[in-house]
Amino acid sequence: MDDRTRQRQPLLDTLVGYMEARYEHLRALLERADTAGGGEVITLDGRAYERLWSRVDERRIRLGGKENVRVLDQTSGKHVNVAAAEDAAFFEWAIVEVLRHTGIRIEEALELTHLSVRQYQRPNGEIIALLVIAPSKSDRERVIPMSAELFSIAAAIIRRHTQDGRAIPLLPRYDPHERQASPAMPYLFQREIGTNQDVISPATVVNMLRRRCEELAERHPGFLTTCFTPHDFRRLFATELVNNGLPIHIGAALLGHLNLETTRGYVAVFNEDVVHHYQEFIGRRRNSRPSDEYRDVTEQEWSEFEEHFDKRKVGLGGCTRPYGTPCRHEHSCLRCPMLAINPKMLPRLDEIEEDLLARRARAERESWLGEVEGIDLTLALLRQKREETNRLARIAPVNLGIPSIQPTPATRRVRST
């Protein structure tokens, strides 16, 4: 999970920027297309759109309704219901903003209502906007102070629902976990699709994020193997809080965790201070070492260094033990984790396996149980090494383009470790 968070953290700004740009483009297109006549061509951000008009739209106007704002994208040839697309893009942008600014669970976000937005007046007269989170996994209601950016998003959602003097519709919401419907409430994340007004479901948010990441993958290689889920924003929020110095117990209160260990599990630590201090320590350590440790290598030392690599060559491949260390496994190479099998020696492994099986059969006949146990261990390690060698042999070699340098006495320097 820490690795997953580290992979998505540098991509978060790209996703947020794309969601905002997509919504702004569709909003501008809706404003332009709403005032355009049928057949009129609109150019926006380098793309041409033709305003569509039909008899259905005329009938809607005669009956006192509003026509569908539809255009033809002349680049892709697709018909676009701009009103529906703009409305969907707004709520997609809004849910991502709420999730990343609050770190709340997706169920808690979709349960936000108009009543969740509160205000608190401090003794000095300052007004602080608060977001009340209904309990999800625990039975504790919690309150999150709202930043100016988060408050503007909540205000934009409320303003969209209450435009033209309307009130936010009261709707019940079915909870699949509790298997019951809630009382009718003014939910913030509700949309009108066709003639139905429904609260957005978690599956809709998951599918939306998957589609947007697939669109980004066409222009951003980082999204080819990476997709965001609603819970990723919660982990990113927790990581950002703790790495910016917020005490972890306050982070736990904001996230609604009853146990600090749960919050620690959400945090992928990027502790730059640790890296910085360690680099300074290495620098001081190098400056304090005696200068004779950086002397020229003698011919005898260089010969011993070269002989080490000659001694690492064995019948089945090579030994990867560190320089200056003897063989600690009494040359039982098949059992040694330091043995790297040469792919050319795979037929030899087959011969050794046949010999071991024959020896095992005789040991069973003679009831040499200790011998049987030892051979079984050797067979298991042999098959493991053969499988690993076959896997590595299938990987195509990569030419790194590193030039070969002939060692000279002037360049033969080593550092003691």
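This is a stop-by-stop tour of a predicted model, from its main core to its pockets, cavities and strands.

**Stop 1: the main core**

Select I95, F189 and F228. These residues have the most contacts inside the largest nonpolar core, which has 58 residues. Now colour the elements that give two or more residues to this core: helix 1 (2-34), strand 1 (41-44), helix 3 (82-102), helix 4 (106-110), strand 6 (127-133), helix 5 (148-161), helix 6 (202-217) and helix 7 (230-243). Helix 1 gives the most, with 11 residues.

Centre on I95. Which residues does I95 touch, leaving aside those up to four places away in sequence? Show I106, A109, L110, F189, V205 and M208.

Next, move to another core, which lies apart from the one just viewed and has 11 residues. Pick L316, L334, L349 and L379, which are among them.

**Stop 2: the largest pocket**

Select A83, E86, D87, R160 and Q163. Of the 34 residues that line the largest pocket, these lie nearest its centre. The space in this pocket is about 1,200 Å³. Helix 1, helix 3, helix 5 and strand 10 (190-193) each supply at least two lining residues. Colour the lining by class: 15 residues are charged, 12 nonpolar and seven polar.

**Stop 3: the second largest pocket**

Go to Y18, R22, H25, R47 and E215. They lie nearest the centre of the second largest pocket, which 17 residues line. Helix 1, strand 2 (47-52) and strand 4 (79-81) are the elements that give two or more residues to this lining. Helix 1 provides the largest share, six residues. The volume is about 610 Å³. By class, the lining holds seven charged, seven nonpolar and three polar residues.

**Stop 4: the cavities**

How many cavities of 30 Å³ or more does a search of the whole structure find? There are two.

For the largest cavity, select V98, L112, L131, M146, L150, A154, I157, L188 and F189, which line it. About 50 Å³ of space lies inside. Helix 5 contributes the largest share of the lining, three residues. The lining has nine nonpolar residues, with no polar and no charged ones. F189 is a residue to keep in view: I95 touches it, and F189 also lines this cavity.

For the second largest cavity, select R4, T5, R8, D232, R235 and L236. The volume here is about 30 Å³. Helix 1 and helix 7 each supply at least two of the lining residues. Four residues of this lining are charged, one is polar and one is nonpolar.

**Stop 5: strands 6 and 7**

Switch to cartoon and find strand 7 (residues 142-145). Which of its residues form the covered face, and which the uncovered one? R142 and I144 make up the covered face, while V143 and P145 make up the uncovered one. Strand 6 runs antiparallel to strand 7, and four bridges join them. To see one pairing, select L130 and its bridge partner in strand 7, P145.

**Stop 6: an open sheet**

Finish at strands 12, 13 and 14. These three strands form an open sheet in the order 12-13-14, with antiparallel pairing. Strand 12 (313-314) and strand 14 (339-341) are at the edges, and each has a single partner strand, so one side of each is left without a neighbour in the sheet. Strand 13 (residues 317-319) pairs with strand 14 over three bridges. Select G318 last, together with A340, its bridge partner in strand 14.

Key. Residues numbered from 1 in each chain as written. Predicted model: local features only at pLDDT ≥ 70, side-chain atom pairs only at ≥ 80, totals over all residues. Heavy atoms only, no water. Pairing = 2+ DSSP bridges. Core = buried A, V, L, I, M, F, W, Y, C linked by side-chain atoms within 4.5 Å. Buried < 20%, exposed > 50% of the residue type's maximum accessible area, 1.4 Å probe, protein only. Contact = heavy atoms within 4.5 Å. 1 Å grid on protein atoms, 1.4 Å probe; cavity = no way out; pocket = protein on both sides within 12 Å on 5 of 7 lines; lining within 4 Å. Points joined across faces, edges and corners; volume = space filled by probe spheres on them. Nonpolar A, V, L, I, M, F, W, Y, C, P; charged D, E, K, R; others polar.
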